[in-house]
Amino acid sequence: MRPPGTAAPEWLTRAQVEFYESVVRFAKTLPDDVRDRDEAGAFSRDIWNRCATFGIQGMPVPEELGGGGHDVLTTMLGLEALGYGYPDQGLIFAINAHMWTSEISLWRFGTPEQQQAWLPRLCSGEAIGCHAITEPEAGSDAFNLAATAREVEGGFVLNGGKTFISNAPVADVFIVFARSGAGIGPFGISAFLLRKGVSGMEVGKPLEKMGLRTSPMAEVFLRDCFVPAEDLVGKPGQGGEIFTESMRWERACIMASHVGLMRRTLETCVAYARQRRQFGKPIAKYESISDKLANMKIALDAAHLLLLRTGWLMDQGRDAMTEAAVAKAFISEATVQSQLDAIQIHGGYGYMSELGIERGLRDAIGGRIYSGTSEIQRRIIARGLGL
Ligand SMILES: Cc1cc2nc3c(=O)[nH]c(=O)nc-3n(C[C@H](O)[C@H](O)[C@H](O)COP(=O)(O)OP(=O)(O)OC[C@H]3O[C@@H](n4cnc5c(N)ncnc54)[C@H](O)[C@@H]3O)c2cc1C
């Protein structure tokens with residue numbers, strides 16, 4: 001049950017290892033109805049609430065704001081343990097989308113009033129958060145926004161359209177980015193807190209996805225949507241900085257559950273390769289199969305260490321931008337490969353829906369796109385190399 005590498009006490013504290021183990025135990029108590037919900041594209045508010053009651057959603061937020069006050073490393077371990085113990089990557093993705101977008105933005109940049117009004121509710125699971133930056137013409141070029149925020153008496157009027165917004169169909173609070181002033185790129189962008197049902201904001205029909213189907217997603221339309229001045233997050237023009245900070249956390253932590261998935265997949269594959277016999281012996285005895293398992297182990301250990309390195313650096317107060325990009329690119333791609341290997345090792349049974357391995361592949365592919373595509377992570381890494 002222990003995360004790899006924890007045999008040496010200098011890697012992690014006893015409390016961190018115990019926390020990891022407690023999350024695995026908790027995850028195994030959750031109902032395993034993911035196959036049906038994946039097919040139906042259904043989000044489970046019940047499981048969301050159970051995770052929040054356990055303390056998952058609030059992990060990194062300070063205790064005085066309703067959170068668990070865990071450091072980054074411990075938070076990552078909690079998410080890794082959830083990904084290991086619970087097979088619904090979509091639900092875990094929805095939790096990630098909530099934590100890194102709404103919680104981090106409000107914790108780091110919100111006014112005391114915004115923090116008090118929202119953070120305890122976001123941590124307790126009572127409220128669900130999301131953020132909306134992507135537009136049809138602004139994806140990887142995230143700051144190339146067409147959405148506008150015009151300053152008027154007492155606030156701002158927002159217009160524009162957002163797409164691919166995770167959690168939008170179930171969200172209570174939306175952190176929306178729009179251009180409020182002159183400037184190119186991140187300059188002149190502001191962030192706003194919009195409440196569910198506010199006049200002028202419409203959430204479109206849920207979008208159908210290949211994977212992460214238990215995590216709801218929709219477009220968001222803003223038509224002369226008035227936002228009072230007190231719902232500006234941070235200062236006018238600070239939206240670029242707020243988004244960058246939120247992405248720093250997201251890139252660093254969002255792959256933690258993938259590491260858990262990779263480990264569960266490896267264990268499942270080792271057990272299967274030992275018991276599945278062809279040509280009179282277990283398939284594990286064929287080197288082309290055991291090499292795949294060895295490669296899965298190499299990728300898992302590298303993924304785990306890259307994750308922990310990023311968390312450790314952030315806990316030392318370092319921005320870890322390049323390390324987070326390295327971890328995000330490596331883990332997302334290694335997870336896809338591990339799911340492909342798992343299907344191959346299981347043969348025809350792996351290709352069928354029943355075992356859930358093909359769902360693992362469908363879920364994993366999104367990791368190469370959200371929070372900055374693999375290509376964009378490589379742009380960040382190249383920048384870190386001074387290129
Ligand atoms: C599951 C999922 C959840 C998401 N959740 C949210 C959310 O909650 N909120 C939100 O605002 N957005 C969300 N998004 C949107 C996501 O951030 C974008 O899809 C992503 O940034 C890529 O933008 P795009 O889809 O427009 O692709 P594009 O930017 O059009 O990219 C198309 C291709 O071109 C490549 N490319 C683009 N620019 C470069 C470059 N400079 N160098 C090399 N290659 C390049 C890309 O890597 C990609 O391969 C989500 C997306 C997914 C898939």
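Select helices α10 and α12 (helices being DSSP runs of H or I, at least four residues, numbered from the N terminus): their crossing is left-handed, in that the near helix is turned anticlockwise from the far one by less than a right angle. This is a predicted model, in which local features need pLDDT of at least 70 and side-chain atom pairs pLDDT 80 or more, whereas totals for chains, interfaces and linings use all residues. Residues are numbered from 1 along each chain, and side-chain values use heavy atoms, without hydrogens and water.

Display residues 321–351 (α10) and 374–384 (α12): they pack at about 145°, with axes 9 Å apart. Axes are lines fitted to C-alpha atoms over the stretch in contact, and angles run from 0 to 180 degrees between N-to-C directions. The contact (heavy atoms within 4.5 Å) includes Met321 and Ala325 of α10 and Ile380 and Ile381 of α12.

Next, select the ligand. Among the 17 residues around the ligand (a heavy atom within 4 Å), Thr134, Ser140, Phe164, Thr373 and Glu375 come nearest. For polar contacts (N or O pairs within 3.5 Å), show Thr373, with a polar side-chain atom 2.6 Å from a ligand oxygen, and Glu375, with a side-chain N or O atom 2.8 Å from a ligand oxygen.

Conventions:
Helices (H or I, at least four residues) and strands (E, at least two) are DSSP runs, numbered from the N terminus. A polar contact is a pair of N or O atoms within 3.5 Å; within protein, one must be able to donate a hydrogen and the other to accept it, and residues adjacent in sequence count only if both atoms are side-chain atoms.
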